[in-house]
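Welcome! Have a look at the sequence and the structure, and then we can talk through them together in questions and answers.

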Amino acid sequence: MDGVVLDINHNNREGVLRCHQGNRYAFSLAEWKSQEAPRRGDKVDFLPLGTLATEIYFLERAATAEQPSAPSASAQATGPAPAAQTAPPSQPRERPSVSPSSDKATFSHTSGLAVTSFIFSLIGLFFFGSLVAIICGHIALHKIRESAGVLTGAGLAITGLVLGYLGLLGTILWIGYQAYHQQL
């Protein structure tokens, strides 16, 4: 799948890219298979694996003003990059089969708000605990959707929301029941 590097953090050895369909994928520099160092705007070819980009190959450098028109002396001395490292898009490459790896854990983590929502939905059987669960659950789901796979925990957030709304409904029914029986 073709894509473009949106952001790269060399300190954390991770980045984000977008495919031609608009989906975003997080990646680890361990998945970068070309000798060219990745830069923002580079065109790449990759294999998607959930919300992760794997087997990333450099295709074309983003056009910038400071790009030299001729190859540098070091590039001429080392010769061209091997075909397996920077294959043009028209030439097919052999790729090993992709299986889920532990790299996902290095750059995705569970949303703290999703955990908070879940905990408050369990212990917050009263009005205020349910409200905290509902608010944190909605914020967590929004942040998880916007994170391009960096945040996980949508299941916790949804569970917190459902239990929070049930707790709120139970509190309202209990208050109504108590008010009705005090009038009798």
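## Getting to know the model

Aspartate 7 has a relative accessibility of 36%, so this residue counts as partly exposed.

Q: Which residue meets the side chain of aspartate 7 in a salt bridge?
A: Keep in mind that this is a predicted model. The partner lies in the loop between strand 3 and strand 4, while aspartate 7 is in strand 1, so the pair ties together parts that are 33 residues apart in sequence. The partner counts as exposed because its relative accessibility is 58%. With 2.8 Å from N to O, the residue that meets aspartate 7 is arginine 40.

Q: Which element of the protein chain has the highest mean pLDDT?
A: The chain as a whole has a mean pLDDT of 77, and 74% of its residues reach 70 or more. At the low end is helix 2 (residues 104-107), with a mean of 42. At the high end, with a mean of 91, is helix 5.

Q: Over which residues is the pLDDT below 50?
A: Where pLDDT is low, the predicted coordinates should not be read in detail. The stretch in question has 36 contacts in the model beyond near neighbours in sequence. The pLDDT is below 50 over residues 65-106.

Q: Is glycine 170 buried, partly exposed or exposed?
A: Glycine 170 belongs to helix 5, which covers residues 154-183. Its C-alpha atom is separated by 9.9 Å from that of serine 130, a residue 40 places away along the chain. Because its relative accessibility is 34%, glycine 170 counts as partly exposed.

Q: Which strand gives the most residues to the largest nonpolar core?
A: In soluble globular proteins, nonpolar side chains tend to be buried together. Here the largest nonpolar core has 13 residues, and those with the most contacts inside it include Leu17, Trp32 and Ile56. At least two core residues come from each of strand 1 (2-9), strand 2 (14-19), strand 3 (24-28), strand 4 (43-49) and strand 5 (52-60). The strand that gives the most, with 3 residues, is strand 5.

Q: How many residues are in the other core, which has Ile134 and Ala140 among them?
A: Isoleucine 56 touches Leu17, Phe27, Trp32, Val44 and Phe46, among others, leaving aside residues up to four places away in sequence. Another core lies apart, and its residues include Ile134, Ala140, Ala157 and Leu161. The number of residues in that other core is 7.

Q: Where is the nearest side chain of opposite charge to glutamate 31, and what is its name?
A: Glutamate 31 sits in the loop between strand 3 and strand 4. It is buried yet has no salt bridge. A polar atom of its side chain lies 2.9 Å from the backbone nitrogen of glutamate 55. The nearest side chain of opposite charge is 4.5 Å away and belongs to lysine 33.

Q: What is the phi of glutamate 55, about?
A: Most residues other than glycine have a negative phi. Glutamate 55 is found in strand 5, and it counts as buried because its relative accessibility is 10%. Its phi is positive although it is not a glycine, at about 50°.

Q: What is the phi of arginine 13 near?
A: Arginine 13 has its place in the loop between strand 1 and strand 2. At 47% relative accessibility, arginine 13 counts as partly exposed. Its phi is positive, in a residue other than glycine, and lies near 60°.

Q: Which residue is linked with Asp42 and Arg61 in a network of salt bridges?
A: The side chains of aspartate 42 and arginine 61 meet at 2.4 Å, N to O. Aspartate 42 lies in the loop between strand 3 and strand 4 and arginine 61 in the loop between strand 5 and helix 1 (73-78), so the pair ties together parts that are 19 residues apart in sequence. Aspartate 42 is buried, with a relative accessible area of 0%, and arginine 61 counts as buried at 17%. The residue linked with them in the network is Glu36.

Q: What is the N to O distance in the salt bridge of glutamate 60 and lysine 43?
A: Glutamate 60 is in strand 5 and lysine 43 in strand 4, so this pair ties together parts that are 17 residues apart in sequence. Glutamate 60 is partly exposed, with a relative accessible area of 43%, and lysine 43 counts as partly exposed at 40%. Their side chains meet at 3.9 Å.

Terms used: Residues numbered from 1 in each chain as written. Predicted model: local features only at pLDDT ≥ 70, side-chain atom pairs only at ≥ 80, totals over all residues. Heavy atoms only, no water. Helix = DSSP H or I, 4+ residues; strand = E, 2+ residues; numbered from the N terminus. Buried < 20%, exposed > 50% of the residue type's maximum accessible area, 1.4 Å probe, protein only. pLDDT = per-residue confidence, 0-100. Contact = heavy atoms within 4.5 Å. Core = buried A, V, L, I, M, F, W, Y, C linked by side-chain atoms within 4.5 Å. Lys, Arg positive; Asp, Glu negative; His and termini not counted. Salt bridge = Lys/Arg side-chain N within 4 Å of Asp/Glu carboxyl O. Polar contact = N/O pair within 3.5 Å; in protein donor to acceptor, adjacent residues only side chain to side chain.
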